[in-house]
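Here is a short briefing to read alongside the sequence and the model. It goes topic by topic, so feel free to keep the structure open and follow along.

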Amino acid sequence: MHGRDSSSGAFEEPRMVVRKFLARPQLEGVGAVVRRSIGRFELRYFDPFLVLDEFSVTAPAGFPDHPHRGFETVTYMLQGAVTHEDFEGHKGTIGPGDLQWMTAGRGILHSEMPAAQGTQKGLQLWINLSSKQKMIEPRYQEISSKDIAEATEDGIKVRVIAGEALGTKSPVYTRTPTMYLDFTLKPGAHLRQPIPMSWNAFVYVLEGEGVFGSSKSSPVTAHNLLLLGSGDGLEAWNKSSKLLRFILVGGQPLGEPLVQFGPFVMNTQEEIDQTIDDFENFTNGFEKARHWRSEAAIGLDL
């Protein structure tokens, strides 16, 4: 058995890496560059996760007015800032280290555009909602960087976006039970992080190189997505001379049928057809889309 060290809680069965993908750049939105790891043809869905994008946006590129229904989008800024506005009149800017957890529910029309000079970088994760929650009213949880829970121990720093690590909990409410942890390991650091046994979990490396699952595994570098197998925790090591930064994300699988049409994610084709009808006819949650255009779209004359 592995020794129980102080860097995190105890667990019995470390998860191994079962699949690895390098997320290559592709164009999305209007001139934006994303590295998509979940939601591409080799990995359409990793229940309950629909998409993981590492995005890079320089004005005037961005993600102008577009709809969503049936899931949540989690935007976590790494560099720069993005202004978000929607047809409910909600508007705000999220800067470096800030978090926006948006529940699209029955429908939202919004834009996400650069708010600063230079290149804005961040992560956007799409989390599916259960059939019972797909048509709830839209809502937001927005947390500024200074209010994100952090903890440090034995060369490990964690920002707790959702869930719990190193004895520190996030205030974010997750409708689909989710953990989202941003770890930075100094050279020589060793992490042991519990993960609920029944959950799906993955690692996405942001910078440096790390060893995951087994101490004998080959080091993994930035922009790689690692799907973790069964078990009740993750072990990670930084055997390099530079900082290692990665996110660990886990969630309770919904185990429900999935039909996706672009920005709409439902359980049946009939529900997708109804969603397209609702959006085209400005009904059933999309009423305000009829007369709304974002300030960004008006400015760009889109």
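Strand β17 is covered on both of its faces. On one side sit Thr178, Tyr180, Asp182 and Thr184, on the other Met179, Leu181, Phe183 and Leu185, and all of them are buried. Please keep in mind that this is a predicted model.

**Strand β17 and its partners**

- Strand β17 runs over residues 178-185, and eight of its eight residues are buried, so the strand is largely enclosed by the rest of the structure.
- On to its neighbours: strand β14 (residues 156-162) is joined to β17 by six bridges, and the two run antiparallel.
- Within that pairing, Arg159 has Asp182 in β17 as its bridge partner; Asp182 is also one of the buried residues listed above.
- Strand β24 (residues 244-251) pairs with β17 as well, in the antiparallel sense and over eight bridges.
- Here Met179 is matched with Gly250 of β24 as its bridge partner.

**The sheet that holds β17**

- These strands belong to an open sheet of seven strands, in the order β1-β22-β19-β24-β17-β14-β13, with antiparallel pairing.
- The edge strands are β1 (17-22) and β13 (149-153), each of which pairs on one side only.
- Neighbouring strands in this sheet are turned against each other by 20 degrees on average, direction ignored.
- At the β1 edge, β1 pairs with strand β22 (residues 224-228) over five bridges, again in the antiparallel sense.
- Phe21 has Leu225 in β22 as its bridge partner.
- As background, the strands of a sheet pair through backbone hydrogen bonds, in either a parallel or an antiparallel way.

**A second seven-stranded sheet**

- Another open sheet of seven strands follows the order β2-β3-β4-β11-β6-β9-β12, and its pairing is antiparallel.
- At its edges stand β2 (25-28) and β12 (139-143); each has a single partner strand, so one side of each is left without a neighbour in the sheet.
- On average, neighbouring strands here are turned by 25 degrees against each other, direction ignored.
- Edge strand β2 pairs with strand β3 (residues 32-38) in the antiparallel sense, over four bridges.
- One such match is Gln26, whose bridge partner in β3 is Val34.

**Asp53 and the annotated domain**

- Which residue shares a side-chain polar contact of 2.7 Å with Asp53? The partner is Arg36.
- Asp53 lies in strand β4 (residues 49-58) and is buried, with a relative accessible area of 8%.
- Setting aside residues up to four places away in sequence, Asp53 touches Val34, Arg35, Arg36, Gly122, Leu123 and Gln124.
- An unreviewed UniProt entry annotates residues 34-127 as "domain: Pirin N-terminal".
- In the model, that span is 0% helix and 64% strand, and its end C-alpha atoms lie 18 Å apart.

**The annotated binding site**

- The unreviewed UniProt entry also carries the annotation "binding site", which covers His66, His68, His110 and Glu112.
- These residues span 47 residues in sequence, yet no two of their C-alpha atoms are more than 12.7 Å apart, so they gather at one spot.
- From this set, the lining of the largest pocket takes in His66, His68 and Glu112.

**A closer look at His68 and His110**

- His68 is found in strand β5 (residues 63-68), while His110 has its place in strand β10 (residues 108-114).
- Are these two histidines buried or exposed? His68 has a relative accessible area of 1% and is buried; His110, at 0%, is buried too.
- The side chain of His68 makes a polar contact of 3.3 Å with that of His66, and a polar contact of 3.2 Å joins the side chains of His110 and His68.
- Leaving aside neighbours within four places in sequence, the contacts of His68 include Thr73, Met102, Trp126, Pro263, Phe264 and Phe286.
- With the same neighbours left out, His110 is in contact with residues including Pro64, Asp65, His84, Glu85, Asp86 and Trp292.
- Met102 appears among the contacts of His68 and also among those of His110.

Key:
Residues are numbered from 1 along each chain as its sequence is written. This is a predicted model: local features need pLDDT of at least 70, side-chain atom pairs count only at pLDDT 80 or more; totals for chains, interfaces and linings use all residues. Side-chain values use heavy atoms; hydrogens and water are left out. Two strands pair if DSSP finds at least two bridges between them. Axes are lines fitted to C-alpha atoms, for helices over the stretch in contact, and angles run from 0 to 180 degrees between N-to-C directions. UniProt positions are given in the numbering used here, feature names are shortened, and annotations may be inferred rather than shown by experiment. On a 1 Å grid over the protein atoms alone, a cavity is a set of points where a 1.4 Å probe fits but cannot get out, and a pocket is an open set with protein on both sides within 12 Å along at least five of seven lines; lining residues have an atom within 4 Å of a point. Buried means under 20% relative accessible area, exposed over 50%, partly exposed in between (1.4 Å probe, protein chains only). Contact means heavy atoms within 4.5 Å. A polar contact is a pair of N or O atoms within 3.5 Å; within protein, one must be able to donate a hydrogen and the other to accept it, and residues adjacent in sequence count only if both atoms are side-chain atoms.
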